[in-house]
Structure formats: structure tokens, C-alpha cells
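Colleague: I am new to this structure, and I would like to understand how the terms used for it are justified. Could we take them one at a time?

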Number of protein chains: 2
Amino acid sequence: MKTIGRRELLHAGAMGAAAVNLLPIIGTESVGVASAATRASVTPKAIIFDVFGTVVDWRSSIVAEATAWGKAKGIQHVDWMQFAVEWRQGQGREMARVRRGELPWTKLDDLHRQVLEGLITKFKITGLTDDDKDHWNRVWHRLKPWPDSIPGLTRLKAKYTIAPLSNGNFAMLTNMAKNAGLPWDCILSAELARHFKYDREAYLTAVELLGLEPGDVMMAAAHTNDLKAARSFGLLTGHIDRPIENDKANPGDFDVVAKDMVDFASQLGA
Amino acid sequence: MKTIGRRELLHAGAMGAAAVNLLPIIGTESVGVASAATRASVTPKAIIFDVFGTVVDWRSSIVAEATAWGKAKGIQHVDWMQFAVEWRQGQGREMARVRRGELPWTKLDDLHRQVLEGLITKFKITGLTDDDKDHWNRVWHRLKPWPDSIPGLTRLKAKYTIAPLSNGNFAMLTNMAKNAGLPWDCILSAELARHFKYDREAYLTAVELLGLEPGDVMMAAAHTNDLKAARSFGLLTGHIDRPIENDKANPGDFDVVAKDMVDFASQLGA
């Protein structure tokens, strides 16, 4: 893998900002075209996507399954949305420990399981077998996409190589794609670098495996920190707004700023 | 990754042999069912496939493109089948050097390019630019499947997780799938282990990334050495006959012995 020095990184970051240049394209009045589209001036060869929150709706997926678990197990005292949010927060906290070197590399399934044990205690849930816990833990393999994700990704796949680049482990992302019908060309995961985003290795291992240069690859995410990290390593960036993720971008902040996955596909000419 | 000792290896090999047990299933006389099917008694969770020769027909794909190159470049003196066969032989020779540690890890695109330079000299081909050579080298990204590969894989995908496990690098396999419409659930490659088959790491890294145990994963190939290696590391095995690869198996040699990909799918109940 090519090493990138600090000055090149800074330069790449500046270039990323300079490349923000959306060309307005005149909308047609034809029936069925809802609004004038803007067309991105950048031309990636591949687009890699954050998954949790960007492609799939982890909150409602977990709450829906947990509500069913609760009924089956007679657990009625738990606020499952709070449970889901704390699981996600625990995920972030444990990944940060791995990034800082306080924990060795640990795949996300195993971090989730550790966090789950703590939540089971905190929320006073009793009577679960190890098999129950394993099944619950794998709810992250069964997350459901936002309604616009598959239509947008299917259009993008016709023009670009598309893949996840998530902190989810390889099997989680493979199973999720199979369950949900996500049309990825391949699965990329932080696990392949054994470094979570926002570490440099997570992004550049994905670029290297695709056989491309960083400037040929666009990172797409609902989270601005993910995009800022990707840009600092030379990747193109696309923001997809997911209001509940509460991480808005303004036009011009990234190479593409889209209101959803279908708008993102339109701006990329797909 | 779990380490497997020599005695366990031998034991796993013996178990693999013992698991060979094909149950005949009585054929129906209905119109459209050509012959009585046999049903394998093993139940993998995932099936990983050798690619060159097993899924795609490298000979005819290279000869077809090379014939067109030859015409475009005015090269008429080259026997392109011989050229293709020597390229494949060179691939094997260079991979063996990497396996023996005489070369550092080198991805297959780069080994192909080195072999290509030698063949261009040997076959007295002149006038190629670097861009020409890069394009020729990537013919391996554009190999075409055998006619039964996509029908068989599509049936298998409905029941199993399916992926390549090839010595081809990740980008080569991703591009090949996109070009040819191979319906993989994910891309697995020797590159992810930085070890070519038949090294242990190539197989067990794939198993680990799938989040499975070796005994849950079937290696499928037209080449008996690939299957014997996989079995020695605890994987299930399926032989798919490709007569031109000239590497026949007898019934009972592996967990499944099939005459083509569609027969392989039938035997696995897909």
C-alpha cells in the first residue's frame, strides 16, 4: 500500500475542498421528473458507503425485532428505543477503545456482544440463554434499508462499482446484504484492515483492494466526520442526508450533497 | 483465527473422507426432469468457488479477445491458444515462487503483467504501448463464464451464501463478476490472506471472514489439488467436472462430485 505523508494528506484535503463544484443542469418539464437535478462534476470509479444510518435504519430495525422478542419472552418493562440507542452508543465507545489501542482488534459482532451483556444487566432483563443472546446480537445482520436505499443503489450499480465500507464485520455485512437484498458488487469492511473508521487504514485498504487511487473512490455517508476523514486521505465525498442522524451538510461542504439515495444517484448521473 | 494442529488436520482429512455419502434419490418421470438426481448428505452454510477453469472459461475468453487484438494490431503470426496456455502456466510458476517465499506477496494482476512481458518477447510481438499492455493484462478481469455457471450459481444463491475463493486479486474478481453478471454474495480472494491457495491461510481466512467454522464451508473446484488442500484444513469439498481441465474425480472422492454447475446445484438441493 502506498504511504501518504502529512503534507500530501493536507494537500489532498485541500484538493477535496477545491473539487466541490456542482454544475446546475437545466431541468426538463417532462411528466415524471419532479425537479431540476444538479449534476456532480466529479467522476468516481467506485463508491463506498457507510451502512449504519446511511443505508439501513438501525433504530427501527432493532426496535421492531426487540418488541417481538419482548413479547415472546414476557419482557414488557424495557424502552426498546432507549435500548437500541444505548447499544449504538456502546458500539461507538468500544470502537474508540480499539482505535486508541486500549483493546486489541476486535470485530464488531464481538464488541456488540460485550455491550449487549451490559445492557441486559442494566435493563434488568433475565432468563436469556446464550443462544437467545447470540440471536439478539445478530439483529445487526438483519437491519432493514431505508426505503430509497435499494432503488438508489440499483441505479448507481449500473454505472459504478458499489460496496459498503462499514465498521461492521465482513460476515455481518454479507448477511445483511443477503437478508435485505442490497445489490453490492463486493463487501468491504473495516475488518479487512483490522482498523475501524476513522483510521486511515480502513479507507486506504478499501481503495487498494479495489485496485484504484483514492481520488477515484467516493465515500458516501450521512455522517460528516466519516466524510472529513475520507477526504483527508484523498477520497471524494458524498453526503446523504438522513434527518434522524442529525448531521446535516450544506451545499458545497462535500463533492456531492444529496437529500437521499435516489437524489444522490441522480446527481451522479445514474 | 483458530490454529489447527497436525493431528487435527489429519483427523479433519479423515472426517472429510468419511463424510462422503451420496444418497440416491428416486428420479421422477415428469417431463423436463432429465435424470434421477443424487442428493448430497452434507449441509454447508456457504460455498466458495475456484474461478479459473471452474466458473469461467479462461482459454476461450483469452483467445477470443486476443484474436481481436491481433487483428487490430496487425499481429497474425501468434497461436493465441498457445499464448493463453503459456500465460496460465506462467501464472502457476510465479504463484509457486510466492508460496515458497522466493517472491514477496504479489497480487495476481502484477504477476500476470510480469508473465505477459516475457510472452511478448517470446512470441515476438512488437509495437505495444504500456496502455495496450495494461488493457491486455486486464483480460483476466473480463473472463466469460461457462454456460451453466450463472444458472447453477443463481440456484445455489437462493439457498447458500456463495463467493469465489480464487487466487485472482480482489479487484480482478470484483470486476469479473460485474462484467459477467456472476451473482456472488461477496468477493473472497487469496489477496485477503496475502497467501495463495494451496496455503492454509487462503482457505481459513475466507472461513473466518464468513464467520463460520471450516466444516460449514464447502470448497468447490474443478481441480482435485485445490479440494484436497481444502479438505486437509477441515472444509467440505465439491468437485465440478470441466473436461478441458483434465482433472476428473470419481464418485465418492469428495463430498459432492458433479458433472457441471447445474448438477452441483441439484445435488445440493438448490
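Modeller: Gladly, with the caution that this is a predicted model. A good place to begin is strand S7 (residues 236-240) of chain B, where five of the five residues are buried, so the strand is largely enclosed by the rest of the structure.

Colleague: What makes a residue of S7(B) count as buried?

Modeller: The term requires 20 or more other C-beta atoms within 10 Å of the residue's own. B:Leu236, B:Gly238 and B:Ile240, which point one way from S7(B), are buried, and so are B:Thr237 and B:His239, which point the other way.

Colleague: How do you know that S7(B) is paired with strand S6 (residues 217-221) of chain B?

Modeller: Pairing asks for at least two bridges, and S6(B) and S7(B) have four, in the parallel sense. Within this pair, B:Met218 stands opposite B:Leu236 of S7(B). Between the two strands the chain passes through helix H9 (residues 224-232) of chain B, in a β-α-β crossover that is right-handed.

Colleague: And what makes strand S8 (residues 256-258) of chain B a partner of S7(B)?

Modeller: Three bridges join S8(B) to S7(B), where at least two are needed, so the two strands are paired, and they run parallel. In S8(B), B:Ala258 is the bridge partner of B:Ile240.

Colleague: Turning to chain A, which residues make up domain 1 and domain 2?

Modeller: Domain 1 of chain A comprises 6-57 + 144-267, and domain 2 comprises 58-141. Their contact takes 17 residues from domain 1 of chain A and 13 residues from domain 2 of chain A.

How values were computed:
Residues are numbered from 1 along each chain as its sequence is written. Chains are lettered from A and ligands numbered from 1 in the order in which they are written. This is a predicted model: local features need pLDDT of at least 70, side-chain atom pairs count only at pLDDT 80 or more; totals for chains, interfaces and linings use all residues. A residue is buried if 20 or more other C-beta atoms lie within 10 Å of its own, exposed if 12 or fewer, and partly exposed in between; C-beta atoms are placed from the backbone. A crossover is right-handed if, with the strands pointing away from the viewer, the path from the first strand over the helix to the second runs clockwise. Domain bounds come from an automatic or database domain assignment. Two residues are in contact if their C-beta atoms, placed from the backbone, lie within 7 Å.
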